[in-house]
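Me: I would like a close look at a single part of this model, namely the surroundings of the ligand. Please set that part in the context of the whole chain.

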Amino acid sequence: MQFRLPEEKDEEALKEYVQEHYDNGEQGISASMGLPVMEYADWLTKIRSNADSGTPEWGRSIVFVCLEGDRIIGLLSVRYELPKDLSDSIGDVGYGVRPSERRKGYATKMLEYALSVCKEKGMKKVILGCYKDNIASGATIRKCGGILIAENENYQEGKVSQYYAIEV
Ligand SMILES: CC(C)(COP(=O)(O)OP(=O)(O)OC[C@H]1O[C@@H](n2cnc3c(N)ncnc32)[C@H](O)[C@@H]1OP(=O)(O)O)[C@@H](O)C(=O)NCCC(=O)NCCS
């Protein structure tokens, strides 16, 4: 699996990536940072600016397209400078795998890569959040060493959110 920043040439492939989610009845595109509702050029500018200079609220963060050859398999967001309150509520890493490529081990590889980036950026502990009923994401996080932080469990949008910590 290869990881790189999105480029101009990815526009059509990313459109198709988003459409595959819609065709499977999914509305949210994890780690897409607003891609479905933005002009592609504006989205690229935002992603590059987030990586280069960041924002006062989030610090710097990186969105990776995750590929197998030319095919986009998933999107990965590594938010390695979040202040503690945001890290504790949204987590330092977000990811999604296109429906047709799930259960093939890709999210595990993506999270492992994200953890290596976090380590390289100087983090010692990475926080991951997921809804309690998201069996697939919870399994992915635990597989990568996530330890549940039981006391941080809360309700978000009527669902139970859980948080895991991974030492890197
Ligand atoms: C969560 C998600 C990224 C997992 O991607 P994936 O590539 O299918 O995950 P992997 O193949 O690496 O599997 C990782 C673990 O999860 C388990 N798993 C994956 N999908 C599962 C499912 N539907 N039900 C039960 N377990 C599942 C796998 O069996 C594996 O555990 P194991 O090796 O112990 O058996 C993917 O389902 C997805 O994109 N979902 C929508 C977006 C999302 O929820 N993102 C995370 C937000 S917190």
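Reply: The model is a predicted one, and the account begins at the ligand. A shell of 19 residues surrounds the ligand, and the closest are Arg102, Ala107, Thr108, Ala136 and Ala139. By character, this shell divides into eight nonpolar, seven polar and four charged residues. Three elements each supply at least two residues of the shell: strand S4 (93–97), helix H4 (106–120) and helix H5 (135–143). The element that gives the most is H5, with six residues.

Helix H5 therefore deserves a detailed description, given that its six residues are the largest contribution to the shell around the ligand, and its buried side can be described as well. Ser137, Thr140 and Ile141 are buried in H5. Viewed down the axis of the helix, these buried residues fall within an arc of 95°, so they line one face of H5. The packing partners of the buried residues of H5 are H4, strand S5 (125–131) and strand S8 (159–167). Helix H4 thus appears in two roles: H4 supplies at least two residues of the shell around the ligand, and H4 also packs against the buried residues of H5. After H5 comes Gly145, whose phi is positive, near 100°.

The wider chain gives the setting for this part. Its secondary structure comes to five helices and eight strands. Along the sequence these elements follow the pattern β-α-α-β-β-α-β-α-β-α-β-β-β. The radius of gyration is 15 Å, close to the 15 Å that the globule rule gives for 168 residues, so the chain is as compact as a globular protein of that length. Along the principal axes, the C-alpha atoms fill a box of roughly 45 × 35 × 30 Å. Among the 168 residues, 32% count as buried. Of the contacts with a separation of 6 or more, 57% are between residues 24 or more positions apart.

A second helix, H2, can be set beside H5. H2 comprises the 13 residues 40–52; at 1.5 Å a residue these should span 18 Å, and the end C-alpha atoms are 18 Å apart, which agrees. The buried residues of H2 are Trp43, Leu44 and Ile47. These residues cover an arc of only 100° around the axis, which puts them on the same side of H2. Strand S2 (62–68) is included in what covers the buried residues of H2. The face turned away from that buried side carries the exposed residues Ala41, Asp42, Thr45, Ser49 and Asp52. Just after H2, Gly54 takes a positive phi of about 75°.

The backbone also has positive phi values at residues that are not glycine. Most residues other than glycine have a negative phi. Ala31 nevertheless has a positive phi of about 65°. Ala31 is found in the loop between H1 and H2, and Ala31 is buried because 22 other C-beta atoms lie within 10 Å, where 20 or more are required. Glu157 likewise is not a glycine and has a positive phi, of about 50°. The place of Glu157 is in the loop between strand S7 (154–156) and S8; with 6 C-beta neighbours inside 10 Å, Glu157 counts as exposed, the limit being 12 or fewer. Strand S8, which follows that loop, is also one of the elements against which the buried residues of H5 pack.

Two further helical positions complete the description. Ser89 is found in helix H3 (residues 84–90), and Ser89 is partly exposed, with 15 other C-beta atoms within 10 Å. The C-alpha atoms of Ser89 and Tyr155 are separated by 11 Å, while the two residues are 66 residues apart along the chain. Asp23 lies in helix H1 (residues 11–23) and counts as exposed, with 11 C-beta neighbours inside 10 Å. The C-alpha atoms of Asp23 and Val160, which are 137 residues apart along the chain, are separated by 27 Å.

To return to the ligand, the residues closest to it include Ala136 and Ala139, and H5 spans residues 135–143.

How values were computed:
Residues are numbered from 1 along each chain as its sequence is written. This is a predicted model: local features need pLDDT of at least 70, side-chain atom pairs count only at pLDDT 80 or more; totals for chains, interfaces and linings use all residues. Helices (H or I, at least four residues) and strands (E, at least two) are DSSP runs, numbered from the N terminus. The expected span of a helix is 1.5 Å times one less than its number of residues. The arc is that of the directions from the helix axis to the C-beta atoms. Two residues are in contact if their C-beta atoms, placed from the backbone, lie within 7 Å. A residue is near a molecule or strand if its C-beta atom, placed from the backbone, lies within 6 Å of it. Ala, Val, Leu, Ile, Met, Phe, Trp, Tyr, Cys and Pro count as nonpolar, Asp, Glu, Lys and Arg as charged, and the others, Gly among them, as polar. The radius of gyration is taken over C-alpha atoms; the globule rule is 2.2 Å times the number of residues to the power 0.38.
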